[in-house]
Each structure stands twice: as C-alpha cells, then as structure tokens.
Amino acid sequence: MFWRRRLLVLAALIAVLWAAVSFWPQGGDDPATTPTKNTATPTPVQATATDGPVNVTLPTGTSSCDPQKVRVTPSVRDGQQGGGEVEIGLVMSTTEDKSCTLTPANADLIAIISANDKAVWDSTVCKQSLLTEPVQLTAEWSTLVLTTWSGRGSGSTCSKKEGWAPGGDYTVQAGTLGGEPGKTVFKLKAAPKPTKTPTPSQTPTKKPTAKDTTKPND
C-alpha cells in the first residue's frame, strides 16, 4: 500500500512536468541563458575615386633652401645614345620641415660624369651647373628636375671642340654644397655610324681620235 502511494505521487509529478514542457512557448528565451546582443561587424564600404586626374596643390615656400639639407638622386633614362646630348633627371627633396626654393646660385650643385673611374665631364671645370632654374621643394615630397648634359667631355678647359662621349657604361654623381649627394650608373648606346652617300659616277668625255676626225671638203 505504501509503495502504491509513492508510485501514484511520482506519476502525478511526471504528468505535471510533461504538461509544463508541452505548453512552454516555442522559440522563447531559455530562462537559464543570458541573452546576447547582436554584434555583427558591418561590411566596410570601399571608397572609389571618380574618373579623371586629381589635382593636388602642394604648399610652396619663398625662403631659400639650405643646400646642406637637400638630397639629390640622379637618374638617366634608358635608350639614349652617345654622340649627342643626354637627358638627366635630378630627384630633389629637402629635409626641412617647411617648403623652400632652391636656386642655382645657393645650391652650388656639383656633378661629375665618369667612365672607368675617370672623369669625362666635370661641372667645376665647365663652371656650369646642371641646375639652371629655381626649384620649388616641398617638405616630405620629392621633385623631379629634367636637365641636359651636352654629351661632350670637359677636358681641361671645357671647350666646345671636345669629343662626344661614345657608347658605354657611365656613372653620374650629383649633390648640393654640403648636402646629401647621390649617384647612378647608366648606359649609352653606341652612336650609329654615318652612312656615306654614294657619289654618282660621271662618264668621261670621249676625246676625238684621228679616225673620228672628218676631213673637211676642199
């Protein structure tokens, strides 16, 4: 009798629990779990530039650049040949924290072009600088200046009669007074050999002979 009562109580308890589970709202929050907030990371949007060039205005300075705080890196484009002028690029920048203007007078730019460890052209001999115009230098930016080497040697007097530099390997070094110089190696192609224009042959005039001479009628 005692065990029968215990079984009836246990059966009733199971029935109550089954009913509670059956009528529990589906999809509801679990009371034993703390709800969390949706923290999905938004997809970043990539900004696209509009078609066409974008003009960038750089600050300029009117004060003179300190040549000791100027960095120069020369460069020579490929494909140039000996026997003529050679274009040289000078990448220039200032280590100052403000923009300035570098003039040929205060730059005192020195450049030497050599081959086989021998100077071919020396700006101090020619008393001519590769920098011929003022250059605006902007802090934290580099400026490319295009200049021209005559392509001739300097010799001892930098005469215009000096010979042309032939094709081969060369080194150009350039720097301002007290500044940070730079150098680069470049190659000139051999100049094409001049072609000779053939001279048209002339047929010599035939001199009359005794047989060709006709005796006039008496």
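## Starting with a hidden cysteine

Let's begin with C100, which is buried, with a relative accessible area of 1%. The cut-off for buried is under 20% relative accessible area, so C100 qualifies. Keep in mind as you look around that this is a predicted model.

C100 has a partner: a disulfide joins it to C65, with an S to S distance of 2.0 Å. This bond ties together distant parts of the chain, 35 residues apart. C65 sits in the loop between α1 (2-22) and β1 (70-75), while C100 belongs to strand β3 (residues 100-102). C65 is buried too, with a relative accessible area of 3%. If you turn the model to look along the S-S bond, the torsion is about 100 degrees, so this disulfide is right-handed.

## The other disulfide

How many disulfides does the count come to? There are two. Besides the pair you've just met, C126 and C158 form one, with their sulfur atoms 2.0 Å apart. The torsion about the S-S bond here is about 90 degrees, so this disulfide is right-handed. It also links distant parts of the chain, 32 residues apart: C126 is in helix α3 (residues 123-126), and C158 is in the loop between β7 (142-149) and β8.

Are these two cysteines buried or partly exposed? C126 counts as buried, at 13% relative accessibility, whereas C158 comes out at 23% and counts as partly exposed. If you number the bonded cysteines in sequence order, the pairing reads 1-2, 3-4.

## The overall layout

Now zoom out to the protein chain. Its secondary structure comes to three helices and nine strands. Walking along from the N terminus, you meet the elements as α-β-β-β-α-β-β-α-β-β-β-β.

The chain has 218 residues, and 25% of them are buried. About 17300 Å² of the chain is exposed, and carbon and sulfur atoms supply 56% of that area. Contacts tell you something about the fold as well: among those with a separation of 6 or more, 68% are between residues 24 or more positions apart.

## A four-stranded sheet

Which order do the strands of the open sheet follow? Four strands line up as β5-β4-β8-β9, with antiparallel pairing. The edges are β5 (118-122) and β9 (182-188), each of which pairs on one side only. Going from one strand to the next, the twist averages 30 degrees.

For a closer look at one pairing, try β4 (residues 110-115) and β8 (residues 168-175): these two run antiparallel and are joined by five bridges. Look for S114, which stands opposite T171 in β8.

## The nonpolar core

The largest nonpolar core is made up of 29 residues, and the ones with the most contacts inside it are L90, M92 and W149. Many strands chip in: β1, β2 (86-94), β3, β4, β6 (135-137), β7, β8 and β9 each supply at least two residues. Which strand gives the largest share? That's β2, with four residues.

M92 is a nice one to click on. Leaving out residues up to four places away in sequence, M92 touches a whole list of others, including V70, R71 and V72, as well as L102, L131 and L137. W141, S142, T143 and V145 are also among the residues M92 touches.

Conventions: Residues numbered from 1 in each chain as written. Predicted model: local features only at pLDDT ≥ 70, side-chain atom pairs only at ≥ 80, totals over all residues. Heavy atoms only, no water. Pairing = 2+ DSSP bridges. Axes fitted to C-alpha atoms, helices over the stretch in contact; angles between N-to-C directions. Buried < 20%, exposed > 50% of the residue type's maximum accessible area, 1.4 Å probe, protein only. Contact = heavy atoms within 4.5 Å. Areas by Shrake-Rupley, 256 points an atom, 1.4 Å probe, with all protein chains shown as cover. Disulfide = S-S within 2.5 Å. Core = buried A, V, L, I, M, F, W, Y, C linked by side-chain atoms within 4.5 Å.
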